[in-house]
Amino acid sequence: MARSKEFDPEIALEKALELFWERGYEATSMADLVAHLGVARASIYGTFGGKRELYLKALELYLARRDVVAPLSQPGPALPALRAFLDSYVAECLADEVRRGCMVVNTAVEFASRDPAVSRKVAASWTGLETALASILIRAGAQGEIPADKDPHALARFLLVLLQGVKVLGRADPDPRRLRDAVDQAMAAVQI
């Protein structure tokens with residue numbers, strides 16, 4: 001007869017996400033995970049696989065919670081919704097007192113180029129964001145909110161890069177003026 005788990009895997013995964021998000025992959029040892037999760041090493045391996053597999057599951061949990069499509073797909077004027085979305089990135093950075101940043105950006109910087117599975121997850125996340133941005137910009141064009149000669153896909157790529165930069169600066173040096181000025185300039189570029 002199989003033994004029942006003496007811990008809740010969902011709670012353990014949540015705790016692993018917290019630790020990885022705060023420290024990163026390399027700086028988190030298996031001993032750190034055992035202590036933070038309150039779960040024996042063998043149970044971590046038995047439930048999640050190794051440290052890398054647990055990290056990937058934590059990253060998937062993080063991604064599942066980040067719905068970038070909903071705020072950008074509401075009916076009505078597109079540019080105010082886009083502005084609110086960009087402002088929300090800045091607000092999130094400024095509210096992050098621990099300076100954890102964005103786990104996707106942290107992951108990309110730390111080791112996405114060394115690990116194809118991680119690289120695919122990061123790329124898929126960025127593609128999803130870019131697609132949502134392109135959709136709202138296409139809608140803005142159709143509603144006459146941006147000039148007809150603007151390429152919504154090129155603008156979406158520009159905004160994707162801007163938002164990832166906001167996350168990096170927000171983690172390293174969350175200067176509100178710098179971040180807000182960047183959003184102001186991005187909105188001006190979209191509308192000119």
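Helices are taken here as DSSP runs of at least four residues, numbered from the N terminus, and on this basis D32 of the predicted model is found in helix α2, which covers residues 30-37. With a relative accessibility of 24%, D32 counts as partly exposed, because the buried class is confined to values under 20%. Beyond its neighbours up to four places away in sequence, D32 touches L19, R23 and A27. The C-alpha atom of D32 is separated by 22 Å from that of A108, a residue 76 places apart from D32 along the chain.

The protein chain as a whole contains 10 helices and 0 strands, so that its elements, read along the sequence, follow the pattern α-α-α-α-α-α-α-α-α-α, with helices and strands assigned as DSSP runs. Taken along the principal axes, the C-alpha atoms fill a box of roughly 65 × 35 × 30 Å. Of the 192 residues in the protein chain, 40% are buried. Among contacts between residues at least 6 apart in sequence, 71% join residues that are at least 24 apart.

Helix α6, spanning residues 78-95, comprises 18 residues and reaches 26 Å from its first C-alpha to its last, close to the 26 Å expected at 1.5 Å a residue. Its buried residues are A78, L79, A81, L82, F85, L86, Y89, V90 and C93. An α-helix has 3.6 residues a turn, so residues three or four places apart point the same way. The buried residues of α6 pack against four other helices, namely α5 (69-72), α8 (116-142), α9 (152-172) and α10 (176-191). D87, which is also found in helix α6, is partly exposed, with a relative accessible area of 32%. Although D87 and V183 are 96 residues apart along the chain, their C-alpha atoms are separated by 7.1 Å.

The largest nonpolar core has 31 residues, and those with the most contacts inside it are L82, F85, L86, L129, L133, L137 and L159. Two or more residues are given to this core by each of α6, α8, α9 and α10, and the largest share, 9 residues, comes from α6. In soluble globular proteins, nonpolar side chains tend to be buried together. For L137, the contacts that remain once neighbours within four places in sequence are left aside are with L82, I146, P152, L155, A156, L159 and V190. Apart from the largest core lies another core, of 28 residues, among them F7, L13, W21 and V118.

Q164, found in helix α9, counts as buried at 12% relative accessibility. Leaving out residues up to four places away in sequence, Q164 touches V105, W126 and L129.

Two packed helices are described by the angle between their axes and the distance between the axes. For helix α4 (residues 51-65) and helix α7 (residues 103-111), the axes come within 10 Å and cross at roughly 145°. In this contact, Y55, A58, L59, Y62 and L63 in α4 meet M103, V104, T107, E110 and F111 in α7. By class, the residues in the contact of α4 with α7 are 8 nonpolar, 1 polar and 1 charged.

The loop between α6 and α7 contains R99, for which phi is near 60°, a positive value in a residue other than glycine. R99 counts as partly exposed, with a relative accessibility of 37%.

A search of the whole structure for disulfides finds 0. C93 is in no disulfide, and the nearest cysteine sulfur to its own, that of C102, is 8.5 Å away, whereas a disulfide would require the two sulfur atoms to be within 2.5 Å. C102 is likewise in no disulfide, its nearest cysteine sulfur being that of C93. C93 is buried, with a relative accessible area of 5%, and C102 also counts as buried, at 7% relative accessibility.

Conventions. Residues are numbered from 1 along each chain as its sequence is written. This is a predicted model: local features need pLDDT of at least 70, side-chain atom pairs count only at pLDDT 80 or more; totals for chains, interfaces and linings use all residues. Side-chain values use heavy atoms; hydrogens and water are left out. Buried means under 20% relative accessible area, exposed over 50%, partly exposed in between (1.4 Å probe, protein chains only). Contact means heavy atoms within 4.5 Å. Axes are lines fitted to C-alpha atoms, for helices over the stretch in contact, and angles run from 0 to 180 degrees between N-to-C directions. Ala, Val, Leu, Ile, Met, Phe, Trp, Tyr, Cys and Pro count as nonpolar, Asp, Glu, Lys and Arg as charged, and the others, Gly among them, as polar. The expected span of a helix is 1.5 Å times one less than its number of residues. A nonpolar core is a set of buried Ala, Val, Leu, Ile, Met, Phe, Trp, Tyr and Cys residues joined through side-chain atoms within 4.5 Å.
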